[in-house]
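Subject: Structure handover

Hello,

Please find the structure below, with the sequence alongside. My notes come after it.

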Amino acid sequence: RARFLWCSVMIMQPTAMNDHKESHPGEMESSNKSSILARELKHSNPHSTSNHMLSPTDNPSQTAMKTVLSDDLSSEKSSGDPLNKDLSPLSYTMAFKGMKHLLIPSFLEGFVSSASRLIYFVFLRTTIDCEEETPPDFDRTSNDWSGSRFCNDRCLVAREAQFLKGITDGVEAALKFFIFPFLGLLSDVKGRNATMTLSVIGITVSMGLLATAAYRRRGSSILPLITIAYIVQGTTESFTIGANAHLSDLFVTIRRRAHAFSTIDIFRIFTQGVAVLFITGFVITANHYEYFRVYLSLCIISLVTVPLPYMLIPESNQDPNLNTSWRDATPYGTNTGMI
């Protein structure tokens with residue numbers, strides 16, 4: 001009976017294959033292309049460890065992904081770096097230990113940047129003036145409070161402040177669109193620490209200009225000061241670029257980089273949360289008329305952060321085999337050759 005069943009299957013198999021080809025011609029053509037691609041990959045790199053992962057039933061995208069992941073595993077095996085020495089999953093504890101030198105500068109820079117953006121609109125309200133000033137004894141907890149000592153028209157203050165915020169935010173975003181590729185090149189040519197230090201210096205100058213505007217509080221110089229502050233910030237804010245490029249140098253495989261990037265992103269979210277809690281709880285809810293001391297404090301924190309990248313973070317872009325000229329650098333912030 002077993003022999004009879006085996007003969008029946010062998011007789012019926014060609015007929016079933018022909019019926020499947022007639023009913024699904026596109027699927028069979030895709031399978032044939034995948035088989036050809038797999039054979040080409042195998043013959044192009046016969047010693048690659050990814051050949052055992054290829055299957056004739058995979059589509060081209062699956063085949064390419066399996067090739068990349070398998071080559072990544074082989075690079076993990078051959079890596080001598082303690083952060084990439086085995087195939088075990090990279091825990092958050094290991095990731096934090098690997099980037100612990102980056103956490104303090106990243107926290108201070110992220111806190112200043114987040115705090116300045118949180119108070120920016122409420123600060124702009126205090127600079128708006130009109131014919132009707134707010135009475136000195138006006139209840140600042142009331143919904144009718146305008147936020148400005150020099151104008152009691154709540155709608156006018158909100159409209160003008162939002163207009164100024166839109167102008168400066170637009171200028172900053174446009175500058176970042178053109179400057180970010182250059183800053184990525186800079187991290188290759190001058191190093192990761194230089195890029196992060198440049199970002200902190202830019203934020204320090206920006207906070208100083210905003211503190212000056214907050215000290216003056218009204219007049220024709222307010223708009224130029226805040227515009228220049230955001231121009232400086234838009235052309236120099238590159239701490240994330242340098243930090244991500246630094247992590248790409250430390251974690252040399254795709255799997256490790258993905259885990260490291262997710263870890264530093266969680267830390268950045270934590271930093272933003274601390275800034276939101278502090279600024280909302282102690283600054284915004286106080287309904288101040290002046291923010292000079294707030295911006296001056298942020299400027300001092302940023303000034304203290306300036307030397308920290310060179311003091312705490314070892315420069316990772318110092319391999320003599322890397323191309324560090326402007327012509328050979330890559331705008332994506334890492335020239336290690338891995339994508």
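What follows is a summary of the fold, the cores, the salt bridges and one surface patch.

This is a predicted model, in which local features need pLDDT of at least 70 and side-chain atom pairs count only at pLDDT 80 or more, while totals for chains, interfaces and linings use all residues. Residues are numbered from 1 along each chain as its sequence is written, and side-chain values use heavy atoms, with hydrogens and water left out.

Overall fold

The protein chain has 12 helices and zero strands; both are DSSP runs (helices H or I, at least four residues; strands E, at least two), numbered from the N terminus. Of its 339 residues, 41% are buried, where buried means under 20% relative accessible area, exposed over 50%, and partly exposed in between (1.4 Å probe, protein chains only). Contact means heavy atoms within 4.5 Å. Among contacts between residues at least 6 apart in sequence, 74% join residues at least 24 apart. The chain exposes about 18,800 Å², and carbon and sulfur atoms supply 63% of that area. Accessible areas come from the Shrake-Rupley method with a 1.4 Å probe; for residues, only the protein chains shown count as cover.

Helix α7 and the cores

Helix α7 covers residues 192-216, and 18 of its 25 residues are buried. The end C-alpha atoms of α7 are 37 Å apart, which agrees with an expected span of 36 Å; that span is 1.5 Å times one less than the number of residues. Just after α7, Arg-217 has a positive phi of about 70°.

A nonpolar core is a set of buried Ala, Val, Leu, Ile, Met, Phe, Trp, Tyr and Cys residues joined through side-chain atoms within 4.5 Å. The largest one has 34 residues, and those touching the most other members include Ile-119, Met-207 and Leu-298. Two or more residues come from each of α5, α6, α7, α8, α10 and α11, and α5 gives the most, with eight. Apart from this core lies another, of 16 residues, among them Met-196 and Leu-247. Leu-298 touches residues including Phe-111, Ala-115, Ile-119 and Met-207, not counting residues up to four places away in sequence.

Phe-267 lies in α10 and is buried, with a relative accessible area of 12%. With the same sequence neighbours left out, Phe-267 touches Phe-96, Leu-103, Ser-106 and Phe-107.

Salt bridges

The whole structure holds 11 salt bridges, each a side-chain nitrogen of Lys or Arg within 4 Å of a carboxyl oxygen of Asp or Glu. Arg-192 meets Asp-188 in one of them (2.8 Å, N to O) and Asp-249 in another (2.8 Å, N to O). Because Arg-192 lies in α7 and Asp-249 in α9, this second pair ties together parts that are 57 residues apart in sequence. Arg-192 is buried at 0% relative accessibility, and Asp-249 is buried at 13%. Asp-169 and Lys-165 also form a salt bridge; both lie in α6, four residues apart, about one turn of the helix. Arg-117, Glu-172, Lys-176 and Glu-237 are linked in a network.

Surface patch

Ile-104, Met-311 and Leu-312 form a nonpolar surface patch with about 300 Å² of accessible area together. Patches are made of residues with over 30% relative accessible area and no salt bridge, with like charges joined within 9 Å and nonpolar side chains (Val, Leu, Ile, Met, Phe, Trp, Tyr) within 5 Å. Met-311 is in helix α12 and counts as exposed, at 59% relative accessibility.

Regards
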